[in-house]
Amino acid sequence: MLLALLQANSAVLDVEANCSAIAAAARAAAARGAAVLLTPELFPVGYAPRRVRSELAPALLPALRDRLAAIARNNRIGLVYSLPRISEQGEWQISATLLDATGASLLSYGKVHLFGPDERAAFSPARERPGVVDFNGIPTSMVICYDVEFPEAVRAAAVGGAELLLVPTALAHGFDDVPRVLLRARALESQLTIAYANHSGDEDGCRFLGGSVVAGPDGGLLAEAGGEPQLLYAEVDPGAAGRERRTVPYLEERRPDLYSSWGF
């Protein structure tokens, strides 16, 4: 299965420009035969947590979700997008949604680990465990940005059966070891493919790293971007996670009862 990752510079609160960028990427990715396009964290509204919280009208979100679904449906491609959502308790959270090629929602997820004072001022952390769905024959899950830096979040997806983890992110310049080292370790230790799509350029005073990456279940690099905008592609072998898990059965040989006695 071919993955496409959008690495680009979004315009804060310019929904028209950002959706046009997603639509263009979806057309190009579909023409290449990609099954899904993964876009960065909060890309449709831009990554500026305090401004998004204070200036984005919640009433605009349903129409924005419909527009993103139409992009998936019109291009016959799966799509992962990240937007704010309002919980039943009225809390603003950062979310991600996986659509299939008809525009139907397959999976949603709320960010559990918020990064930095701006995110914590604007949003509340979600609590749900990463879900797993069948996407084109591959058990697939999602986390968002900082979540993937915690082994517990990725392991929860893997224990739930995930063999592919899709990660919208907004990683600033200066954190080069996250995509270059940490992502590969997460993929190796939980024996699944991780696709990590980042912003590039400057947005509202934040300089983004780029560096989007796809790491396989053996920790090897399947694709890696530099700092410039691009569409990154990687082929995912549906049997790769199973082969790695049979060779070294990390998941089967865990001892969670023991770990709980250690305070985990």
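**Exercise 1. Decide whether Thr193 in this predicted model is buried or exposed, and find its surroundings.**

Step 1. Start with the relative accessible area: for Thr193 it is 3%. The cut-off for a buried residue is under 20%, so Thr193 counts as buried.

Step 2. Place the residue in the fold. Thr193 belongs to strand β9, which spans residues 193–197.

Step 3. Look for contacts beyond the neighbours within four places in sequence. Thr193 touches Glu163, Leu164, Leu165, Val214, Ala215, Gly216, Pro217, Leu222 and Val236.

**Exercise 2. Work out which strands build the open sheet that contains β9, and what packs on this sheet.**

Step 1. Read off the strand order. Six strands make up the open sheet, arranged as β6-β7-β8-β9-β12-β13, with mixed pairing.

Step 2. Find the edges. These are β6 (133–135) and β13 (221–224); each has a single partner strand, so one side of each lacks a neighbour in the sheet.

Step 3. Add the twist, which averages 25° from one strand to the next.

Step 4. Now bring in the helix. α6 (residues 177–190) packs on the sheet and touches β9, β12 and β13, and its direction makes about 150° with that of β9.

Step 5. Zoom in on one pair of strands. β9 and β12 (residues 213–215) run antiparallel and are joined by three bridges. Within this pairing, Ile194 has Ala215 as its bridge partner.

**Exercise 3. Find the residues with the most contacts inside the largest nonpolar core, and follow one of them.**

Step 1. The largest nonpolar core holds 82 residues. Those with the most contacts inside it are Leu3, Leu37, Leu68, Leu98, Val148, Leu165 and Ile194.

Step 2. Pick Val148. Leaving out residues up to four places away in sequence, its contacts include Leu165 and Ile194. Val143, Val154, Val167, Leu182, Leu183, Arg186 and Tyr196 are also touched by Val148.

**Exercise 4. Which residues of helix α5 are buried, and what covers them?**

Step 1. Helix α5 runs over residues 151–159, and its buried residues are Ala153, Val154, Ala156, Ala157 and Ala158.

Step 2. Their cover includes the strands β7 (138–142), β8 (164–168) and β9, together with the helices α6 and α7 (240–247).

Step 3. Go just past the helix. There, Gly161 takes a positive phi of about 110°.

**Exercise 5. Compare the positions of Leu13 and Arg76, which have a positive phi although neither is a glycine.**

Step 1. Leu13 has a phi of about 65°, and sits in the loop between β1 (2–7) and α1 (15–32). With a relative accessible area of 25%, Leu13 is partly exposed.

Step 2. For Arg76, phi is about 50°. This residue lies in the loop between α3 (61–75) and β3 (78–86). Its relative accessible area is 55%, which makes Arg76 exposed.

**Exercise 6. Step back and describe the whole protein chain.**

Step 1. Count the elements: the chain has eight helices and 14 strands.

Step 2. Check the radius of gyration. At 17 Å it is close to the 18 Å from the globule rule for 264 residues, so the chain is as compact as a globular protein of that length.

Step 3. Consider burial and contacts. Buried residues account for 54% of the 264 residues. Of the contacts with a separation of 6 or more, 69% link residues 24 or more positions apart.

Step 4. Finish with the record. In an unreviewed UniProt entry, the annotation "domain: CN hydrolase" covers residues 1–238. The end C-alpha atoms of this span lie 7 Å apart.

How values were computed: Residues are numbered from 1 along each chain as its sequence is written. This is a predicted model: local features need pLDDT of at least 70, side-chain atom pairs count only at pLDDT 80 or more; totals for chains, interfaces and linings use all residues. Side-chain values use heavy atoms; hydrogens and water are left out. UniProt positions are given in the numbering used here, feature names are shortened, and annotations may be inferred rather than shown by experiment. Helices (H or I, at least four residues) and strands (E, at least two) are DSSP runs, numbered from the N terminus. Two strands pair if DSSP finds at least two bridges between them. Axes are lines fitted to C-alpha atoms, for helices over the stretch in contact, and angles run from 0 to 180 degrees between N-to-C directions. Contact means heavy atoms within 4.5 Å. Buried means under 20% relative accessible area, exposed over 50%, partly exposed in between (1.4 Å probe, protein chains only). A nonpolar core is a set of buried Ala, Val, Leu, Ile, Met, Phe, Trp, Tyr and Cys residues joined through side-chain atoms within 4.5 Å. The radius of gyration is taken over C-alpha atoms; the globule rule is 2.2 Å times the number of residues to the power 0.38.
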